[in-house]
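Work through the following exercises with the sequence and the model in view, and try each task before reading its solution.

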Amino acid sequence: MIGFSRSARINIGVMAILAILPVFFWWTGQTFYLSLATRLVILAIAAVSLNLILGYGGLISFGHAAYIGIGAYAVGIPAHHALYGGMDFIASNNGFFQIALAVVAAAVFALITGAICLRTKGVYFIMITMAFAQMVYYFFVSIEEYGGDDGLVIDTRSEFPLVNLDQPIVLFLVSYVVLVLAMWLVNAIVNSRFGMVLQSAKGNNDRTVTLGYNTYLYRLTAYVISGAMCGLAGALLGNFATFISPEMMDWSRSGELMFMVILGGTATALGPVLGAAVFVVVAQFLSELTIYWHLPFGLMLIAVVLFARGGLSGILRGKGS
Amino acid sequence: MFVLKSGIPPLDTTLLFVQTLNGVQLGLLLFLVASGLTLVFGILDFVNLAHGSLYMLGAFICASLTFLVGNFLLAVLIALPITGVLGYLIERFVARPLYARDHLDHVLGTFGLILVLDTSVHLIWGPAGIAVPLPAWLEGQVGLFGDVVVPSFRLLIIAAGLAAAAGLFWLVNYTRLGMLIRAGASNRTMVSALGIDIQSLFALVFALGAMLAGLAGMLIAPITEASIGMGNNIIITAFVVIIVGGIGSMKGAFFAALLIGLIDTLGRAFLDDFFKLFMSSDAAENSAPALSAMLIYILMAVVLSVRPQGLFPPKVR
């Protein structure tokens with residue numbers, strides 16, 4: 001493939017495998033693996049969104065699972081009211097409305113909390129993003145109308161003209177297209193003037209400010225874009241699982257998202273996707289082996305942090321630790 | 001202006017007193033957990049998410065020992081050094097290699113540690129919680145004044161919490177070890193240049209923090225029972241405490257812990273009554289639980305938007 005660099009070829013190769021393999025599973029009727037792949041792709045979208053601020057922006061958000069939850073409830077709540085009545089102004093099964101609601105709600109939450117979080121830095125930022133996510137968690141736990149702790153079953157998936165999300169392969173393909181678009185968008189942002197400022201602020205904030213850039217606004221914009229993108233992933237996850245509960249925004253979920261990004265390699269296009277893939281596959285494999293699978297999994301996490309700096313994509317590109 | 005509706009019951013002062021005491025109790029437990037966090041962060045610049053796991057381990061170890069030796073207080077005395085040793089081991093094998101790394105690696109490494117410790121507890125003690133029996137003289141209630149009665153064990157928790165806070169205050173401000181701890185927080189390199197074994201000091205601080213968190217777990221176990229994941233619930237609130245108080249500040253941790261303990265407890269107990277003053281009963285009962293669950297986070301947001309470094313930021317950092 002003349003004209004493509006080594007890393008571009010790896011990217012295209014991995015993404016092609018990720019597209020072809022699930023279609024093959026579907027063709028041969030292995031629905032379990034197809035749904036595993038769908039979950040993987042949806043989590044990869046969330047990891048890609050986190051990578052924009054964590055990898056390129058240097059903003060360690062420990063609360064990204066909140067956006068997944070917000071996106072999922074933005075599908076679940078209108079569907080709930082469409083079935084059981086009440087709250088007529090949001091009761092709807094219309095997919096366009098639900099997706100728009102997910103993205104806008106996530107963006108607004110990111111704007112409000114981001115405006116506060118970004119006033120702080122370092123370890124404060126980590127803990128505050130985590131605390132705000134926990135706030136959303138307890139908020140949904142305490143609302144009995146939507147099931148509280150027990151969660152909410154989505155009886156009807158988002159409805160689109162011509163596209164039926166009830167078919168597993170359609171849901172997978174839609175998620176895959178969204179993943180590719182998300183990767184394209186992050187890549188476009190990173191290589192734009194905006195992205196340059198964002199990365200420059202990561203490298204040296206004071207110097208970037210001195211050059212005349214209001215890095216606070218750049219970071220806030222990136223934070224909102226990332227939150228909105230993750231909200232979209234949440235809307236897809238709600239459609240995939242057809243069951244949502246506060247548990248999906250527990251802080252350990254945020255930790256897992258962070259782990260995917262680090263495992264795959266921060267500030268790389270493919271890293272979050274690789275990280276999500278390894279995470280989902282290893283977690284599935286270990287949980288089939290033993291109910292105590294968190295033990296080897298946690299040890300693996302510690303080992304990756306201690307020994308494998310640069311992540312998987314670093315190793316793939318021959319730049320391992 | 002809100003129009004007060006007629007027929008509002010007068011505020012129950014007995015209930016208010018008991019709930020305030022509960023708030024103080026929660027605040028002191030939070031302080032025990034948060035003080036370890038803030039010590040470790042202030043001196044070692046290390047973010048320890050697994051600090052809550054030490055709280056959980058303290059509860060489980062104390063539960064087993066209570067059944068073994070047959071006395072709760074004796075079990076606490078034996079369990080304390082054990083949690084200290086566990087803290088030391090964690091410092092030696094997970095935390096120490098990570099000191100030189102950035103906070104992101106701290107967070108991920110200790111997140112992995114939580115998974116390992118939670119699952120280990122599951123393996124050793126099984127999935128169900130363990131109730132911890134109290135000696136008879138702690139089971140009863142104490143009449144304070146009027147018709148106010150409080151469980152005597154809750155008074156013991158408050159006394160133990162205050163004693164630990166006073167002991168810590170004395171240790172940090174009036175002993176040689178405390179002097180080294182404060183010096184280490186201000187300037188690590190200088191302390192080690194003066195010939196202090198900074199590595200051992202770090203390990204000691206870590207073990208001390210583990211013992212404090214373990215103590216909090218032991219004290220709460222007879223009330224809530226020891227259960228997997230109990231640490232993960234309190235650690236977030238402890239983070240809110242040290243953020244509001246100012247990370248690295250012992251004084252900040254103490255006042256913020258009491259503030260948050262009181263706000264959380266009183267909010268859950270009285271917010272719906274308060275809302276009923278100017279809302280319909282139904283609306284109040286629907287909105288109060290959601291808001292009271294978020295109250296401490298709202299407090300945190302307000303504090304941070306006014307003072308991003310917390311209420312009592314440490315002087316030197």
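**Exercise 1.** Determine which residues form the nonpolar patch on the surface of chain B, and which helix gives the most to it.

*Solution.* In this predicted model, the patch consists of B:L68, B:V69, B:L74, B:L77, B:I78 and B:I82, which together have about 530 Å² of accessible area. Turning to secondary structure, α2 (51-69) and α3 (72-95) of chain B each supply at least two of these residues, and α3(B) gives the most, with four. One member, B:I82, lies in helix α3 of chain B; because its relative accessibility of 35% falls between the limits of 20% and 50%, B:I82 counts as partly exposed.

**Exercise 2.** Decide whether helix α4 of chain B is largely enclosed or open, after checking its span.

*Solution.* Helix α4 of chain B covers residues 103-125, and its 23 residues reach 32 Å from the first C-alpha to the last, close to the 33 Å expected at 1.5 Å a residue. Since 20 of these 23 residues are buried, α4(B) is largely enclosed by the rest of the structure. Just after this helix, B:G126 takes a positive phi of about 85°.

**Exercise 3.** Assess how the radius of gyration of chain A agrees with that of a compact globule.

*Solution.* For 321 residues a compact globule would have a radius of gyration near 20 Å, and chain A agrees with this, because its value is 19 Å. The C-alpha atoms of chain A fill a box of roughly 55 × 45 × 40 Å along the principal axes, and 55% of the residues count as buried. As for its secondary structure, chain A contains 13 helices and two strands.

Notes. Residues are numbered from 1 along each chain as its sequence is written. Chains are lettered from A and ligands numbered from 1 in the order in which they are written. This is a predicted model: local features need pLDDT of at least 70, side-chain atom pairs count only at pLDDT 80 or more; totals for chains, interfaces and linings use all residues. Side-chain values use heavy atoms; hydrogens and water are left out. Patches are made of residues with over 30% relative accessible area and no salt bridge: like charges are joined within 9 Å, nonpolar side chains (Val, Leu, Ile, Met, Phe, Trp, Tyr) within 5 Å. Accessible areas come from the Shrake-Rupley method with a 1.4 Å probe; for residues, only the protein chains shown count as cover. A salt bridge is a side-chain nitrogen of Lys or Arg within 4 Å of a carboxyl oxygen of Asp or Glu. Buried means under 20% relative accessible area, exposed over 50%, partly exposed in between (1.4 Å probe, protein chains only). The expected span of a helix is 1.5 Å times one less than its number of residues. The radius of gyration is taken over C-alpha atoms; the globule rule is 2.2 Å times the number of residues to the power 0.38.
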